[in-house]
Protein chains: 2
Amino acid sequence: MTTTPVRSLSPVLDTGRTTVAPALRDAVRTHLGPEMSRIAEYHFGWADAAGRPTGSWGGKMVRPTLALLSARAAGGTAEDGLPAALAMELVHNFSLLHDDIMDGDETRRGRATAWTVFGEPNAILAGDAMVTAATSVLLAAPAPGARAATVSLMAATQRMIDGQTADVAFEQRDDVTLAECVRMAGDKTGALLGCSCALGAELVGAEAGLVEHLSAFGEHIGLAFQLVDDLIGIWGDQDRAGKRIGADLRARKKSLPVVAALNAPGTEELRALYLGPEPLTETAVRHVADLVERAGGRDWAEREAAHRLTAAQEALAAARIPEDVRDAFLEVAGFVVGRRL
Amino acid sequence: MTTTPVRSLSPVLDTGRTTVAPALRDAVRTHLGPEMSRIAEYHFGWADAAGRPTGSWGGKMVRPTLALLSARAAGGTAEDGLPAALAMELVHNFSLLHDDIMDGDETRRGRATAWTVFGEPNAILAGDAMVTAATSVLLAAPAPGARAATVSLMAATQRMIDGQTADVAFEQRDDVTLAECVRMAGDKTGALLGCSCALGAELVGAEAGLVEHLSAFGEHIGLAFQLVDDLIGIWGDQDRAGKRIGADLRARKKSLPVVAALNAPGTEELRALYLGPEPLTETAVRHVADLVERAGGRDWAEREAAHRLTAAQEALAAARIPEDVRDAFLEVAGFVVGRRL
């Protein structure tokens with residue numbers, strides 16, 4: 001069948017998608033039962049709700065592309081890293097399926113979320129099937145580091161779950177500290193991106209030092225991404241953002257810039273407005289954005305994102321890897337962090 | 001701290017619980033974050049909703065006890081089988097946490113289900129954390145078969161998910177065949193019990209033939225259990241059953257005896273009543289039970305349960321294992337299948 005990417009993202013990501021997409025479809029068909037495959041094919045964007053092919057390749061495949069690069073960083077081929085790439089994308093999409101239910105989100109990438117189409121039980125089960133398949137795919141790899149890589153993937157998954165747990169808990173709390181919020185973002189977003197950058201290397205049997213540098217690179221990129229994503233959610237350009245500007249504030253999300261501001265001195269008005277029970281009007285949302293900015297939340301987040309990018313570059317510089325792989329990592333990182341700024 | 005089992009189940013199960021319960025609490029604390037641990041401790045029955053210790057050991061620990069025996073069957077010690085035992089109980093409880101949400105069940109073992117206490121998002125996450133921890137625990141085992149055992153556990157988990165998927169889908173269907181229903185029960189209940197009986201052996205590096213015999217034993221026991229459970233749900237003694245007699249019929253569940261009857265000739269009245277939209281009164285439920293019995297559903301299920309028990313015994317007889325381990329397997333099987341007849 002003919003499938004063409006909707007648009008070019010970056011040369012490295014385009015190559016990643018070309019490598020990963022067909023293998024991912026095979027993995028879904030091999031490891032998931034027919035009913036679960038149908039839901040997965042819809043969720044990934046390959047089929048519509050009735051099972052008809054859409055011609056789409058699915059998502060941007062950032063994590064699997066990083067995993068392919070990770071194998072090459074350790075002297076393997078991209079092909080060697082493929083099981084790691086598939087496992088990363090399966091775990092990532094397991095989390096999306098379950099998060100959409102928890103958050104009550106009805107659309108993702110402009111399409112109805114799986115739980116709205118197939119019902120909540122089926123969407124829970126499809127997530128369960130994907131995380132199970134991720135382990136199966138990775139352990140089936142004929143590679144020296146399959147066991148170690150799976151242990152790392154499970155540890156990252158557990159951190160991601162902790163991050164989502166904290167995110168859910170924060171909704172009910174008025175006293176979230178900035179340190180807690182940074183930790184939550186590191187767990188929820190950083191852990192899996194760090195794992196993506198290290199898993200291919202671990203799979204092909206890289207030494208621990210290299211795995212650590214690559215993992216640190218990905219973690220910092222993950223946090224930078226989250227900071228930028230939070231900034232865009234408040235002050236972004238509606239035409240270029242992938243989400244509704246102001247929606248995070250209207251939902252009173254404990255995002256990083258907001259928590260930085262809430263913990264600053266002299267923010268009684270912001271606290272009263274944001275932590276109060278009244279629905280926030282459009283005007284109130286704009287006023288909250290101003291209060292967050294005046295309290296230094298925007299500056300802090302921009303500075304912290306820059307710090308994290310520097311730290312990521314330093315971690316990558318410390319890793320002894322081929323020059324072209326380093327450039328490719330930086331290209332993907334630039335896409336991830338800068339894509340909507 | 002002092003914890004005492006509420007009542008003796010069987011000597012083998014009592015020993016199993018004594019071995020597994022403390023290790024399971026350690027595994028939960030080690031692998032789950034603090035929030036998820038709190039939910040797990042409630043779900044397992046070790047703590048109340050406020051986190052206060054209950055003094056309970058939790059469930060019957062049938063699956064972990066079988067996993068301990070499985071290691072001994074292959075010449076290992078019960079201790080050798082402990083990681084398999086923990087992984088089985090974690091996967092089993094992952095499925096309970098998610099199934100309770102899907103089925104909207106508000107109580108389990110006489111206590112409020114986790115999702116009613118901690119909310120649905122937290123219960124979804126706690127299930128996710130448990131299946132992730134199961135893999136971590138098993139892969140951490142210093143045993144020759146850790147990787148192979150984890151592959152088997154994931155395959156069984158995937159089958160369990162397929163079984164639950166089919167169960168959900170059957171609710172909307174009027175044309176479920178008996179073969180489909182048997183397969184669903186095999187996937188939903190048999191796969192994990194089969195895995196429990198084989199996983200310890202696989203972990204200590206048993207040869208494939210032994211693993212297969214033990215797995216077949218557990219699968220047949222699982223199906224016999226499901227048949228007996230379905231029979232009790234319709235014709236059981238309310239004082240001895242662990243669930244409300246007639247509830248399955250009132251909910252129009254596609255249980256094995258019912259599907260056997262629905263597929264028999266001359267059951268137009270049963271089909272009209274059971275597949276129709278009218279709520280079933282107490283009288284109608286009793287009438288449906290009679291119609292299922294007259295159509296041969298009860299006889300079929302009783303015969304099939306007996307067949308499965310014979311097949312289980314034959315599978316166990318084919319396995320070359322120590323006599324005391326064989327006796328212990330049969331004791332647990334007798335408890336599982338006969339516990340409420």
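B:D100 lies in helix α4 of chain B, a helix that runs over residues 82-103. The model is predicted. Is B:D100 buried or exposed? B:D100 has a relative accessible area of 4%. Buried means under 20%, so B:D100 counts as buried.

What does this side chain meet? The side chain of B:D100 makes a polar contact with the side chain of B:R108, at 2.8 Å. B:R108 also appears among the residues that B:D100 touches. The others are B:D105, B:T113 and B:W115. That list leaves out residues up to four places away in sequence.

Now turn to chain A as a whole. Chain A holds 15 helices and two strands. Its radius of gyration is 20 Å, and the globule rule gives 20 Å for 341 residues, so chain A is as compact as a globular protein of that length. The C-alpha trace of chain A spans about 60 × 50 × 35 Å along its principal axes.

How much of chain A is buried? Of its 341 residues, 57% count as buried. The accessible surface of chain A comes to about 13,600 Å². Carbon and sulfur atoms account for 52% of that surface.

Contacts in chain A often join distant parts of the sequence. Take the contacts between residues at least 6 apart in sequence: 71% of them join residues at least 24 apart. Charges can be followed too. Chain A has 34 positive and 45 negative charges. The mean positions of these two sets are 3 Å apart.

Next, look at A:N122. This residue is found in helix α6 of chain A, residues 120-139. Its relative accessibility is 13%. That value is under 20%, so A:N122 counts as buried. Which residues does A:N122 touch, apart from those up to four places away in sequence? In chain A they are A:M36 and A:I39. In chain B they are B:T165 and B:V168. A:N122 therefore has contacts in both chains, given that contact means heavy atoms within 4.5 Å. A distance helps to place this residue. The C-alpha atoms of A:N122 and A:E207 are separated by 41 Å. Along the chain, these two residues are 85 residues apart.

Last comes A:H220, in helix α9 of chain A, which covers residues 208-235. The side chain of A:H220 makes a polar contact with the side chain of A:R308, at 3.4 Å. Beyond its neighbours within four places in sequence, A:H220 is in contact with A:R308, A:A311 and A:A312.

Conventions: Residues numbered from 1 in each chain as written. Chains lettered and ligands numbered in written order. Predicted model: local features only at pLDDT ≥ 70, side-chain atom pairs only at ≥ 80, totals over all residues. Heavy atoms only, no water. Helix = DSSP H or I, 4+ residues; strand = E, 2+ residues; numbered from the N terminus. Polar contact = N/O pair within 3.5 Å; in protein donor to acceptor, adjacent residues only side chain to side chain. Rg over C-alpha atoms; globule rule 2.2 N^0.38 Å. Buried < 20%, exposed > 50% of the residue type's maximum accessible area, 1.4 Å probe, protein only. Areas by Shrake-Rupley, 256 points an atom, 1.4 Å probe, with all protein chains shown as cover. Lys, Arg positive; Asp, Glu negative; His and termini not counted. Charge placed at Lys NZ, Arg CZ, Asp CG, Glu CD.
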